[in-house]
Structures are given as structure tokens and as C-alpha cells.
Amino acid sequence: MLAIIGGTGLTQLSTLEVTHREVARTPYGEPSGALSFGRLNGREAVFLARHGYGHSIPPHKVNYRANLWALKKAGAQVVVSVASVGGIRADLGPGVLVVPNQIIDYTVARANTFFDGADTTVRHIDFTHPYDEKTRRQILEAARAEGEPVVDGGVYAATEGPRLETAAEINRFERDGADLVGMTGMPETVLARELDLPYAAINVVVNYAAGRSASAAGIQFEHVEEVSQAAMWRVRKILARLCQTQTQTPHPNSNPNLMRDA
Ligand code: HPA
């Protein structure tokens, strides 16, 4: 079953025919909201609004561990994140969709692991390639089939927020090699990896990053809503197509020890 975590601009997935909603409890507390189960393009899917359905949870307060845990427990086999970002690279302007392939983590104060010492053994997971390549390819293929242009690859800089960046911070991120900046990619991506959940993202550029292009004098928000709405319709099309490519076979829990307390 495909799980979709929707960010700003995608607090509801109107294309999902919802069959039921479930309020999940986890050892890490409550997820951002009820999980919406249903059918997307005839296939089973589950949707979760990252910031809550009323969009009331800021990026640094999202309970990422509870969200990922609840999705895994609900039977998710693949997770696709949809998240708004600022574009650092000149060609990544408002309205562009990107399927990132790398991450630099600048977050500083988040619960960023399930392996926090409660286990008897120390665990270090491989995170060389943070996104699941097969899922990335499937997203790119779904977009191609829908005739929606998407950029293949980009380095996502994850910031703590909730404030936006200074122009100097964006310059630093660029020197580090980042193409995009957002506030929710970490620890979400690594937590999925810790649960052995294949995870990939569709990033929607809603503004130029601070100090860049139209944001040279400051980030103007008047067009963000408009850009985001239009882009999210394209994202919904891609997700519906993507859902068709997902297998429906029951997936045994690949990490049963980890789920033992839930
Ligand atoms: N910076 C950080 N996060 C964001 C931005 C940005 O410019 N735009 C959307 N999310």
C-alpha cells in the first residue's frame, strides 16, 4: 500500500476515495492527524497531512516518529512525501516540481531517530542514498506518463525553521551543494529508512529562496498560494498514476523487533 504524506498545500487528497479514517497511537505519541485510508485510482492508499488537517503544526513540532511509525504499522509499503520548498538554483523557480536525490541536514533540535539508546545494540543505518531509487524512478515515470515535467534529482537542504533563511544562509547552502531548501525533509526521510520503508519525495518549489531572483529583497508570499494550488493539481495527477504501479501484495513486517512495543 502506498502512503502519501502531504505538506503545505496538500492537507487533503481529494482524489483519494476515503473508506475510513483511523486515529493511531504509537509509542512516540500521536501522529499529526488521523490516517485516511481509501482507494486512489483503484488501488489502496493511505494519506496523512503532515501539518495536521487544519495546518496547525509547524515543521519543528511535527511528530515525525509517530507519523512514520503509524504508517508502517498501518501496512504502508512505500512512502511518498509531498513538500513545498524554496528554490536555490536559478532554474528552480516557483511551480517547478523536483524529485530530489540527496539531502543535507541542517536541523538542530528534532527527535531524529528510533534508535535512541533504548535498544541493547547501537545501530547505524546506511544513508548514503537517502531516497529509495526505485520509488524515485516510479515517480519520474508516472510524471512522464502524465506529461508533467519534473526535475530528476536535486540536493535538499533541511532547515530547522520555522523562520525562513537569511540570504547568507542560502549562499552557504549553495556552496555546500544544495539546490532546494525546506523544513520537513529531515528527520522524516531517515526515520523511514530506520523502519525499512522505501521513501521518496516530490518537492514543489513555491518561492525563490531568500536573496535569490524575485526574493532578492525578501520572500513575497502573495503568489505562493496560487503557485502551490496549481502545482498540487499536477502532483495529484502524478500520485494517481504512481499508485497504479504499486503492488498490492501483503508485506510482512520487515523489522518486527522494532515494532514490538506498538
Ligand atoms: N525556505 C524553507 N522552507 C521553505 C521555503 C523556503 O524558502 N519555501 C517553502 N518551504
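The following questions and answers concern helix packing, burial and internal spaces in a predicted model.

Student: At what angle do helix α1 and helix α4 pack?
Tutor: Two packed helices are described by the angle between their axes and the distance between the axes. Here α1 covers residues 64-73 and α4 covers residues 185-194, and their axes are 9 Å apart. The crossing is right-handed. The angle between them is about 35 degrees.

Student: How many residues of the contact of α1 with α4 are nonpolar?
Tutor: From α1 the contact takes Tyr 64, Arg 65 and Leu 68, and from α4 it takes Pro 187, Glu 188, Leu 191 and Ala 192. None of these residues falls in the polar class, and 2 are charged. The nonpolar residues number 5.

Student: Is α1 largely enclosed or not, and how many of its residues are buried?
Tutor: Buried means under 20% relative accessible area. In α1, the residues that meet this include Tyr 64, Arg 65, Trp 69 and Lys 72. The cover over the buried residues includes β1 (2-6), β3 (35-40), β4 (43-49) and α4. The helix is therefore largely enclosed by the rest of the structure, the buried count being 9 of the 10 residues.

Student: Which elements do the buried residues of α4 pack against?
Tutor: In α4, 9 of the 10 residues are buried, so this helix is largely enclosed by the rest of the structure. Among the buried residues are Gly 185, Met 186, Val 190 and Glu 194. The elements they pack against are β1, α1, β5, β7 (102-105), β9 (155-158) and β11.

Student: Which residue just after α4 takes a positive phi?
Tutor: After α1 comes Gly 75, with a positive phi near 105 degrees. Following α4, the positive phi is about 60 degrees, and the residue is Asp 196.

Student: What volume does the largest cavity have?
Tutor: The structure holds 1 cavity of 30 Å³ or more. Its lining includes Arg 50, Tyr 131, Glu 188 and Asn 203, and β5, α4 and β11 each supply at least two lining residues. By class the lining has 5 nonpolar, 5 polar and 2 charged residues. The space in the largest cavity is about 50 Å³.

Student: Which residues lie nearest the centre of the largest pocket?
Tutor: The largest pocket has a volume of about 590 Å³. At least two lining residues come from each of β5 (78-87), β10 (180-182), β11 (199-208) and α5 (224-244). The lining divides into 15 nonpolar, 12 polar and 3 charged residues. Of the 30 lining residues, those nearest the centre are Thr 8, Ser 84, Met 183, Val 206 and Phe 221.

Student: Is Leu 239 buried or exposed?
Tutor: Leu 239 is found in helix α5. Residues that Leu 239 touches, not counting those up to four places away in sequence, include Ile 4, Leu 10, Leu 13 and Leu 40. The relative accessibility of Leu 239 is 0%, so this residue counts as buried.

Student: How many Å apart in space are Leu 239 and Ile 202?
Tutor: Ile 202 is one of the residues that Leu 239 touches, along with Val 80 and Val 82. In sequence, Leu 239 and Ile 202 are 37 residues apart. From C-alpha to C-alpha, the two residues are separated by 9.6 Å.

Methods:
Residues are numbered from 1 along each chain as its sequence is written. This is a predicted model: local features need pLDDT of at least 70, side-chain atom pairs count only at pLDDT 80 or more; totals for chains, interfaces and linings use all residues. Side-chain values use heavy atoms; hydrogens and water are left out. Axes are lines fitted to C-alpha atoms, for helices over the stretch in contact, and angles run from 0 to 180 degrees between N-to-C directions. Helices (H or I, at least four residues) and strands (E, at least two) are DSSP runs, numbered from the N terminus. A crossing is left-handed if the near helix is turned anticlockwise from the far one by less than a right angle, and right-handed if clockwise. Contact means heavy atoms within 4.5 Å. Ala, Val, Leu, Ile, Met, Phe, Trp, Tyr, Cys and Pro count as nonpolar, Asp, Glu, Lys and Arg as charged, and the others, Gly among them, as polar. On a 1 Å grid over the protein atoms alone, a cavity is a set of points where a 1.4 Å probe fits but cannot get out, and a pocket is an open set with protein on both sides within 12 Å along at least five of seven lines; lining residues have an atom within 4 Å of a point. Grid points are joined across faces, edges and corners, and a volume is the space filled by probe spheres set on the points. Buried means under 20% relative accessible area, exposed over 50%, partly exposed in between (1.4 Å probe, protein chains only).
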